[in-house]
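Reader: I've got a new model open and I'd like to talk through its fold with someone. Can you put it up so we can go over it?

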Amino acid sequence: MERAVKTREEAERVIMVGVSVEDGDDALDSLKELEELLRTAGAEVAGTVLQNREMIHPGTYVGKGKVEEIRRMISAAGADGIVCDDELTSVQYKNLEDLLGVKVMDRTMVILDIFARHAKSSEGKIQVELAQLRYGLSRLTGKGQALSRQGGGIGTRGPGEKKLEVDRRRMKSRISQLKKELGDMVEHRELNRKQRGKKEIPVAAIVGYTNAGKSTLLNALTDAGILAQDQLFATLDTTTRLLELQGKQQILLTDTVGFIRKLPHHLVEAFRSTLEEAKYADYILHVVDASSPQMEKQMYIVYQTLDMLGVRDKKIVTLFNKMDLLAEGEILRDFRADQTICISAKSGQGLEEVRAALARMLREDKVLVEETFGYDRMQQLSLIRAKGEILKEEYTPEGVFVKALVPKKWLPDQFL
């Protein structure tokens, strides 16, 4: 009888490399985040190098002396490769690979690898493959025989394997095909948005830094049942759920892809239609990990990304999440928000306040109508009932007296 042999994928051992170009920058914090990204990707950090320079070296990312130091570290630690904290140019990539003789990766490659692992829907997989191919195409020049390299590990999963095997012409052809497929899906998303608009149900987009607790919040409020893990980019696919509020009010909550510092522009372009859910929403729920030492920086990056996407003139409610991990009495502020609420999506703390805040915002965007509708105007009254929140309804000899809150964007001019 043959004995079953258990196998497992060995974790890659890598050296992290970063460059600090000015005093007070966040290079060290960025490296800590890169370490978390590498853990999510299944790698093990064997060492860290941070060099202070006036500027990133155009040929080798770090200085020549530092390259030699890294080469010795690789040998001593038995590392399989290095990961640079910034996106490398094709020249930097080739020079480092030639000088070090090991696998060279950058932050973008690690993030793309995580996205390849976590993409579940057809749209998500297409978006990831498109971002990987664009990234690979921009680094095709000068890579030479690297295109024929085979192997496993970070940067080679899923559609990434195709990137290493095809030439520039075939890559461009595949990109064109994926863009067409994604375009069809974007049209479908636009159609869904229009259908939601016809129903006059307002939408709140849940945004925030990756791993801030957006999916946990959506699950807690709506029983959405989506994956929620203490992991970077655990969920990529947009999920929309209906939330019932007091006074028979309704709102759609839409989860979005998490933001991160140095978010690769290839991913932003590929996921633009998904990220722009925030642009077309009526309200923004900004989820913040209040327990993170980098909370302020993460909030800044979220707003920077929203500005880049053209998200403006929206009412914002900032939810300081994970309050169960903080000491009592800490004062938290967000000067860009219309309101802030301290919550724990995991324990349920503050969620009733969130529901009340949403209901209040919906009411603020409604107009009070007090009108007697003659019996010849019953069709108009039916629309008021369907679109508005009826506070009082009374039948009289002249018709039906109605007191109702009706959305401003729907209400006929005669009532404004």
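Author: Sure. One term before the sheet comes up: two strands pair if DSSP finds at least two bridges between them. Also, keep in mind that this is a predicted model.

Reader: Fair enough. How many helices and strands are there in the protein?

Author: The chain has 416 residues, and 52% of them are buried. As for the elements, the count comes to 14 helices and 13 strands.

Reader: In what order do the six strands of the open sheet come?

Author: The pairing in this sheet is mixed. Its edge strands, each pairing on one side only, are β6 (239–245) and β10 (339–342). On average, neighbours in the sheet are turned by 25° against each other, direction ignored. Going across, the order is β6-β7-β5-β8-β9-β10.

Reader: Which residue of β10 stands opposite Phe320?

Author: Strand β9 covers residues 315–321 and runs parallel to β10, with four bridges joining the two. Phe320 falls in that range of β9, and the β10 residue opposite Phe320 is Cys342.

Reader: At about what angle does helix α12 run to β8?

Author: Helix α12 spans residues 295–308 and lies across three strands, β5 (203–208), β8 (283–289) and β9. Its angle to β8 is about 155°.

Reader: Over to the helices. At roughly what angle do the axes of α1 and α4 cross?

Author: Helix α4 takes in residues 107–118, and its axis comes within 9 Å of that of α1. The crossing is left-handed. Its angle is roughly 35°.

Reader: How many residues of the contact of α1 with α4 are nonpolar?

Author: On the α1 side the contact includes Leu34, Leu37 and Leu38, and on the α4 side Val110, Ile111 and Ile114 are among the residues taking part. Three residues of the contact are polar and four are charged. The nonpolar ones number seven.

Reader: Is Ala41 buried or exposed?

Author: Ala41 sits in helix α1 (residues 27–41) and takes part in the contact with α4. The cut-off for buried is under 20% relative accessible area. Ala41 has a relative accessibility of 1%, so it counts as buried.

Reader: And how far apart are the C-alpha atoms of Ala41 and Ala116?

Author: Along the chain, the two are 75 residues apart. In the model, their C-alpha atoms are separated by 9.9 Å.

Reader: Last one: about how much area does the protein expose?

Author: Carbon and sulfur atoms supply 48% of the exposed area. The total is about 20,700 Å².

Technical notes. Residues numbered from 1 in each chain as written. Predicted model: local features only at pLDDT ≥ 70, side-chain atom pairs only at ≥ 80, totals over all residues. Heavy atoms only, no water. Axes fitted to C-alpha atoms, helices over the stretch in contact; angles between N-to-C directions. Contact = heavy atoms within 4.5 Å. Buried < 20%, exposed > 50% of the residue type's maximum accessible area, 1.4 Å probe, protein only. Left-handed = near helix turned anticlockwise from the far one by under 90°. Nonpolar A, V, L, I, M, F, W, Y, C, P; charged D, E, K, R; others polar. Areas by Shrake-Rupley, 256 points an atom, 1.4 Å probe, with all protein chains shown as cover.
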